[in-house]
Amino acid sequence: MIQQKKATIIAEKLPVIEGAEVLLYQLFYNLIGNSLKFSRMDVNPEIKITSTDKIIGNKKWAEIKITDNGIGFDREYSEIIFNTFSRLNSKDKFEGTGLGLALCKKLLKGTMVQFQQMEY
């Protein structure tokens, strides 16, 4: 899909993080897949993956952001889209089951996660 949509993925040097490799793969696969799926028709997708170190309490955390230039969504739906089988767009326009972001939320449960719409 990256080649088909002529997408660009820009990734900074990312930290080494602890976790189950297959689950981390699934997380990034779903998030990048959504960026590609919900891209604008008239613009080549651009996906940026960045990382910032954060110290919270006495622990070091990696804040990893995945941003894109896709269709976006209204903030009022930011909680809804992470529920199982939730969709904001018609099945006629965008394929999918409504499970991808719900799975991402489940994979990250118990970690410090904040999902938000980013504009650029």
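In this predicted model, three strands form an open sheet in the order β1-β2-β3, and their pairing is mixed. The edge positions belong to β1 and β3, the latter spanning residues 59-68; each has a single partner strand, so one side of each lacks a neighbour in the sheet. With direction ignored, neighbouring strands are turned by 20 degrees against each other on average.

Strands of a sheet pair through backbone hydrogen bonds, in either a parallel or an antiparallel manner. Here β2, residues 46-56, and β3 run antiparallel and are joined by 10 bridges. One of the residue pairs can be named: lysine 48 has threonine 67 in β3 as its bridge partner.

Lysine 48 also takes part in a side-chain contact. A salt bridge links its side chain to that of glutamate 46, at 3.9 Å from N to O. Lysine 48 counts as partly exposed because its relative accessibility is 29%, between the limits of 20% and 50%. Glutamate 46 is likewise partly exposed, with a relative accessible area of 26%.

The count of salt bridges in the model comes to 3. Another of them joins the side chains of lysine 60 and aspartate 53, with an N to O distance of 3.7 Å. Lysine 60 is exposed, at 60% relative accessible area, whereas aspartate 53 is partly exposed at 48%. Glutamate 63 and lysine 54 form a salt bridge too, their closest N and O atoms being 3.8 Å apart. In this pair, glutamate 63 is partly exposed at 30% relative accessibility, and lysine 54 is partly exposed at 33%.

Away from the sheet strands, the helix α1 covers residues 21-37 and holds tyrosine 25 and tyrosine 29; these tyrosines are 4 residues apart, so about one helical turn separates them. A search of the whole structure for aromatic pairs finds 1. That pair consists of tyrosine 25 and tyrosine 29, whose ring centres are 5.8 Å apart and whose planes differ by 25 degrees. The arrangement counts as stacked because the angle is under 30 degrees. Tyrosine 25 is exposed at 53% relative accessibility, and tyrosine 29 is exposed with a relative accessible area of 51%.

One backbone feature remains, in the segment before β1 (8-11), where lysine 6 lies. The phi angle of lysine 6 is near 55 degrees, a positive value in a residue other than glycine. Lysine 6 counts as exposed because its relative accessible area of 59% is over 50%.

How values were computed
Residues are numbered from 1 along each chain as its sequence is written. This is a predicted model: local features need pLDDT of at least 70, side-chain atom pairs count only at pLDDT 80 or more; totals for chains, interfaces and linings use all residues. Side-chain values use heavy atoms; hydrogens and water are left out. Rings of Phe, Tyr and Trp (its six-membered ring) pair if their centres lie within 6.5 Å; planes under 30 degrees apart count as stacked, over 60 as edge-to-face and the rest as tilted. Helices (H or I, at least four residues) and strands (E, at least two) are DSSP runs, numbered from the N terminus. Buried means under 20% relative accessible area, exposed over 50%, partly exposed in between (1.4 Å probe, protein chains only). Two strands pair if DSSP finds at least two bridges between them. Axes are lines fitted to C-alpha atoms, for helices over the stretch in contact, and angles run from 0 to 180 degrees between N-to-C directions. A salt bridge is a side-chain nitrogen of Lys or Arg within 4 Å of a carboxyl oxygen of Asp or Glu.
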